[in-house]
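Work through the exercises below with the sequence and the coordinates open beside you. Each task is followed by a solution that proceeds step by step.

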Amino acid sequence: MGSANSAVRPTCWAVIFLSILVLAIAACSKEGKESDLASPAGIATSQENIQPENVTPPVIPAKEQQVNYIETGDLREIKKHGTIRFVNLTGASENMLPRDSVVSLRHFELANKLADKLKLEAKWIKAETPDDAIKMLLAGEADIIAYDLTVTDSREEQIDFSVPIRQARRQLVTGASGPDITEPSKLNNVELIVPKGSANVETAQQLIAEFPDANLSMREYKIHGNRDGLVDKMNEENNWVAVLEDYSAQDLRNYRDDLRLGAYVSEPQNIAWGMRKTSRRLQSTVDNFLTRNLVKAQEERITDWKGIKKSGVIRLLTYNGPTTYFLWKGLLMGFDYDLAKAFADKHKLQLQVIVVPYEENLADWLRAGRGDFAGAEMNITSAVEKQGMVFTKPVVESTEQVVSGRGTPPIKQIQDLNGRKLTLRAYSSFIETAKTLQNAGIDVDIRVAPPDISQSQIFSMIAEGLVDATIAHSGRAKIEASVQPNLVLGTVLGDPTPEGWLVLRQNWHLLQNLNKFLTSYRKTDKYKKQYAAYFEPNKRFMQRVSTRVIPGKTYLPTMTWLKNPPLNTILTGA
């Protein structure tokens with residue numbers, strides 16, 4: 001009997017072990033499927049990019065960004081992994097969408113520079129909302145929230161913040177035919193739209209509590225990644241009013257004419273990065289790093305080539321425009337930008353683009369030390385020498401051309417300008433050209449637009465029949481006429497003239513290097529392709545230009561959002 005029991009026991013144990021193993025595998029499989037269903041990481045359930053509150057956005061977990069560990073320790077523990085994990089609403093720079101990249105790019109550059117200083121590999125993780133980013137930080141899936149995170153009392157109870165990167169106020173925004181938003185007290189029967197998981201929710205709740213008889217309601221939407229969709233929706237729903245940060249609202253207004261900005265509904269609040277409260281050493285390191293980089297980069301400087309090389313940064317002053325500098329599908333573009341970037345790359349420098357307000361003169365900013373060189377369709381003249389500046393070798397040559405509207409007689413020759421009115425961009429060389437025409441006996445009325453009117457706005461006013469005609473560089477005129485069919489290209493004025501970049505006379509070493517670069521670069525096939533892309537535009541380029549400009553960006557160290565008022569405000573003086 002004993003012998004029989006000895007033979008049976010191993011078999012029984014084997015059967016029991018196999019049964020447990022099968023049950024365990026089945027349980028794991030079920031758990032995995034439930035997990036997959038609970039955390040979709042692919043396509044949103046709605047076809048619209050703006051998702052209502054009751055739709056849970058897909059969250060990309062840290063493991064899908066190849067960061068497959070949990071760490072809640074301080075800097076010493078973080079360094080053991082050889083990586084530092086940043087979370088924001090964009091992910092890595094290559095995943096940035098147009099419009100949003102303006103805000104995110106600065107954080108991306110600073111964070112990567114911090115990682116290099118710490119000799120760690122930067123890893124980027126995407127969160128769907130700011131609240132999701134905080135959850136991932138606390139769970140140990142990320143180390144730093146590198147994003148425009150508003151500092152609030154409730155958030156300070158959860159996480160610590162870095163030194164402020166900027167300040168912001170919240171502002172009311174609505175569509176062209178939306179409700180009165182000049183004062184919060186005038187809101188009535190309005191649905192307040194706020195970015196999902198943002199601190200703006202608190203502001204909307206305060207408005208609802210402050211005006212209980214106004215019949216206000218709130219809806220959270222996933223706005224990041226499709227702010228244009230938000231504007232479209234606000235123009236469809238006449239009772240929608242968004243609550244946005246002022247820099248984001250102004251950014252939208254700078255390239256969308258079908259929305260209005262209203263009252264501020266919060267006091268200025270700090271914007272900063274976020275870290276765990278247990279990461280004291282990391283926070284101290286981040287604060288020191290940000291303080292040095294932000295303060296140093298914000299200083300105005302007039303320096304020579306040696307100082308530029310030492311800083312590692314060269315600064316280009318320019319305006320937004322289809323041949324100078326613009327953003328398209330997350331890509332920075334523009335003829336002046338492309339050439340300046342090639343020069344910076346050649347000398348292993350970081351290019352800092354500073355977009356000057358339309359109402360300001362590039363030369364004034366250059367003399368003030370706000371940039372190292374300036375360029376934006378600038379004719380080479382000797383007049384600047386009296387102001388202590390010189391031009392580089394030509395960047396390009398172009399002719400000046402008259403542009404008028406389709407509803408007026410065409411201007412095919414110079415004599416056709418008799419009795420016509422030319423509206424010209426302030427600070428432009430076209431003013432001198434028009435005066436030369438007058439001195440030659442042409443009876444033309446010269447009108448200089450207000451300084452805050454861009455060349456693009458003048459073209460739009462001509463297309464709408466608000467002004468008669470203008471003068472522009474032929475390449476720019478050709479692009480605008482392709483985008484706006486109501487523009488008519490007219491007579492060319494004189495021979496091609498060279499355009500160059502502007503440099504302070506004392507910065508002769510920079511001038512020497514720019515001239516050497518331009519002389520050689522203009523002989524390359526790459527230059528020829530770039531010239532053709534911008535000045536001989538095809539259909540694809542027209543698509544880029546039609547969605548082009550986000551005025552008012554300064555990429556390093558801070559982003560300045562500039563006013564670009566609607567045409568009716570400009571013309572009426574209201």
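The exercises go from the whole chain to helix packing, then to the cores and to single residues.

**Exercise 1. The chain as a whole**

Task: Determine how many helices and strands the protein chain has, what percentage of its residues count as buried, and what share of its contacts joins residues 24 or more positions apart.

Solution: Begin by keeping in mind that this is a predicted model. The secondary structure of the protein chain comes to 19 helices and 23 strands. Next, take the accessibility of the 574 residues, of which 53% count as buried. Finally, consider the contacts with a sequence separation of 6 or more, where residues 24 or more positions apart account for 78%.

**Exercise 2. Helix 11 against helix 16**

Task: Describe how the axes of helix 11 and helix 16 are placed relative to each other, and list the residues that make the contact.

Solution: First locate the two elements, helix 11 at residues 335–346 and helix 16 at residues 508–521, whose axes come within 11 Å and cross at roughly 110°. Angles of 65 to 115 degrees count as roughly perpendicular, and the two helices are therefore roughly perpendicular to each other. The crossing in which helix 11 passes helix 16 is right-handed. Helix 11 contributes Leu339, Ala342, Phe343 and Lys346 to the contact, while helix 16 contributes Leu510, Asn513, Leu514, Phe517, Leu518 and Tyr521. Sorted by character, the residues of this contact comprise 8 nonpolar, 1 polar and 1 charged.

One of these residues, Asn513 of helix 16, can be followed further. Asn513 has a relative accessible area of 14% and is buried, and beyond its neighbours within four places in sequence it is in contact with Trp305, Phe343 and His347.

**Exercise 3. Helix 11 against helix 17**

Task: Decide whether helix 11 is roughly parallel or antiparallel to helix 17, and find which residues meet.

Solution: The packing angle of helix 11 and helix 17 is about 160°, with their axes 10 Å apart. That angle makes helix 11 roughly antiparallel to helix 17, and helix 11 passes helix 17 in a right-handed crossing. On the side of helix 11 the meeting residues are Phe335, Asp338 and Leu339, and on the side of helix 17 they are Tyr527, Gln530, Tyr531, Tyr534 and Phe535. The residues of this contact divide into 6 nonpolar, 1 polar and 1 charged.

**Exercise 4. The nonpolar cores**

Task: Establish how many residues the largest nonpolar core has, and which element gives the largest share of it.

Solution: The largest nonpolar core has 32 residues, and those with the most contacts inside it are Ile314, Phe335, Leu339, Leu351, Phe373, Trp501 and Leu510. Two or more residues each are given to this core by helix 10 (305–311), strand 12 (313–318), helix 11, strand 15 (350–355), helix 16 and helix 17 (525–535). The largest share, 7 residues, comes from helix 11.

For a closer view of one member, consider Trp501, whose contacts outside its neighbours within four places in sequence include Leu339, Phe373, Val390, Phe391, Leu514 and Leu518. Apart from this core lies another, of 21 residues, among them Leu75, Phe108, Ala115 and Ala146.

**Exercise 5. Covered and uncovered positions**

Task: Which residues of helix 15 are buried, and is Arg280 buried or exposed?

Solution: Helix 15 spans residues 474–483 and is mostly covered, with 7 of its 10 residues buried. The buried residues are Ser474, Gly475, Arg476, Ala477, Ile479, Glu480 and Ala481. Turning to Arg280, which lies in helix 9 (residues 280–298), its relative accessible area is 52%; exposed means over 50%, so Arg280 is exposed. Leaving aside neighbours within four places in sequence, Arg280 is in contact with Asp74 and Asp160. Arg280 also lies 9.6 Å from Gly73, C-alpha to C-alpha, although the two are 207 residues apart in sequence.

**Exercise 6. Positive phi outside glycine**

Task: Where do Lys348 and Glu377 lie, and what is the phi of Lys348 and of Glu377?

Solution: Lys348 lies in the loop between helix 11 and strand 15, and its phi is near 55°, a positive value in a residue other than glycine. With a relative accessible area of 77%, Lys348 is exposed. Glu377 lies in the loop between strand 16 (373–374) and strand 17 (389–391), and has a positive phi of about 55° although it is not a glycine.

Note on methods. Residues numbered from 1 in each chain as written. Predicted model: local features only at pLDDT ≥ 70, side-chain atom pairs only at ≥ 80, totals over all residues. Heavy atoms only, no water. Axes fitted to C-alpha atoms, helices over the stretch in contact; angles between N-to-C directions. Helix = DSSP H or I, 4+ residues; strand = E, 2+ residues; numbered from the N terminus. Parallel < 35°, antiparallel > 145°, perpendicular 65-115°, else oblique. Left-handed = near helix turned anticlockwise from the far one by under 90°. Contact = heavy atoms within 4.5 Å. Nonpolar A, V, L, I, M, F, W, Y, C, P; charged D, E, K, R; others polar. Buried < 20%, exposed > 50% of the residue type's maximum accessible area, 1.4 Å probe, protein only. Core = buried A, V, L, I, M, F, W, Y, C linked by side-chain atoms within 4.5 Å.
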